[in-house]
Amino acid sequence: MIQLEFTSSDLAPDAAPVFHRAEAPFGIFLQWAAQADTKTPQRLYVAQAPLNRLPKSLQDDIPTPEIVLKAGKGDIYDASIWLGIAPTYTPLHCDPNPNLYLQLAGRKVIRMLQPDAGQSVFAAVQSALGRQVSSRFRGDEMMKGRENVLLEAEVWHHETAAHVGFEANLEAGESMFIPQGLA
């Protein structure tokens, strides 16, 4: 069993996007991926699936990179995979640990903000929503609703974010190390 995220954009123009998370067999994702393409309005995404939950044959195909084994103390908190068919989307968030991101196929644009800048963007959005919540512990609200819309606008459509962060355009086979604390 792995965690799958389901989204749908096949809605009326004024309808809110659909987002659900559920535990399901990996085979369900594989069946969907075999028939999906970039225009399929319903999307499935393997979200933070621990590698040890994947079939053994897939685990054997994903060895731990040497840079990870030699980073810090050489300890590995966890090894997970995120897997989807383009287009995929990851909202602004701050992981509690450093990450090694590997783009297996296709391409992805990643925008990261310095810790203070990321916290400022998050706090401004929470203020606009009349809330004060932790930026460290996120739930479904980061994937749907007004918070998601406001964060998307701040990160991708306002000039401020472009000047206080980094942007990477990764192609298939490329990777990048993301230090702890970047949003």
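This tour moves through a predicted model, from the whole chain to one helix, two cores and a pocket.

**Whole chain.** Begin with a cartoon of all 183 residues, of which 29% are buried. The secondary structure comes to 6 helices and 8 strands. Followed along the sequence, these elements run β-β-α-β-α-α-β-β-β-α-α-α-β-β. If you draw the contacts with a separation of 6 or more, 70% of them come from residues 24 or more positions apart.

**Helix α4.** Select residues 115-128. With 14 residues at 1.5 Å each, helix α4 should span 20 Å, and its end C-alpha atoms lie 20 Å apart, so the expected and modelled spans agree. Now show side chains for A117, G118, V121, F122, V125 and Q126, the buried residues of α4. An α-helix has 3.6 residues a turn, so residues three or four places apart point the same way. What do the buried residues of α4 pack against? Add β6 (107-113) and α5 (145-157) to the selection: these are the two elements they pack against. Then step just past the end of α4 to G130, where phi is positive, at about 75°.

**The largest nonpolar core.** Clear the view and select I2, L4, F26, F29, V46 and L54. Among the 13 residues of the largest nonpolar core, these touch the most other members. Strand β1 (2-8), helix α1 (26-35) and strand β3 (42-50) each supply at least two residues of this core. Another core, of 9 residues, lies apart from it, and its members include L113, F122, L150 and L151. F122 has already appeared on this tour, as one of the buried residues of α4. In soluble globular proteins, nonpolar side chains tend to be buried together.

Go back to L4 and show its surroundings. Leaving out residues up to four places away in sequence, L4 touches H20, R21, A22, A24, I28, F29, L44, Y45 and V46.

**The second largest pocket.** Finish at the second largest pocket, which has a volume of about 640 Å³. Centre the view on T7, S9, P17, R43 and Y89, the closest to the pocket centre of the 26 residues that line it. Which elements give two or more residues to this lining? Colour β1, β2 (18-24), β3 and α5 to see them. Helix α5 gives the most, with 4 residues. Coloured by class, the lining shows 13 nonpolar, 8 polar and 5 charged residues. Helix α5 also links this stop to an earlier one, as the buried residues of α4 pack against it.

Conventions. Residues are numbered from 1 along each chain as its sequence is written. This is a predicted model: local features need pLDDT of at least 70, side-chain atom pairs count only at pLDDT 80 or more; totals for chains, interfaces and linings use all residues. Side-chain values use heavy atoms; hydrogens and water are left out. The expected span of a helix is 1.5 Å times one less than its number of residues. Buried means under 20% relative accessible area, exposed over 50%, partly exposed in between (1.4 Å probe, protein chains only). Contact means heavy atoms within 4.5 Å. A nonpolar core is a set of buried Ala, Val, Leu, Ile, Met, Phe, Trp, Tyr and Cys residues joined through side-chain atoms within 4.5 Å. On a 1 Å grid over the protein atoms alone, a cavity is a set of points where a 1.4 Å probe fits but cannot get out, and a pocket is an open set with protein on both sides within 12 Å along at least five of seven lines; lining residues have an atom within 4 Å of a point. Grid points are joined across faces, edges and corners, and a volume is the space filled by probe spheres set on the points. Ala, Val, Leu, Ile, Met, Phe, Trp, Tyr, Cys and Pro count as nonpolar, Asp, Glu, Lys and Arg as charged, and the others, Gly among them, as polar.
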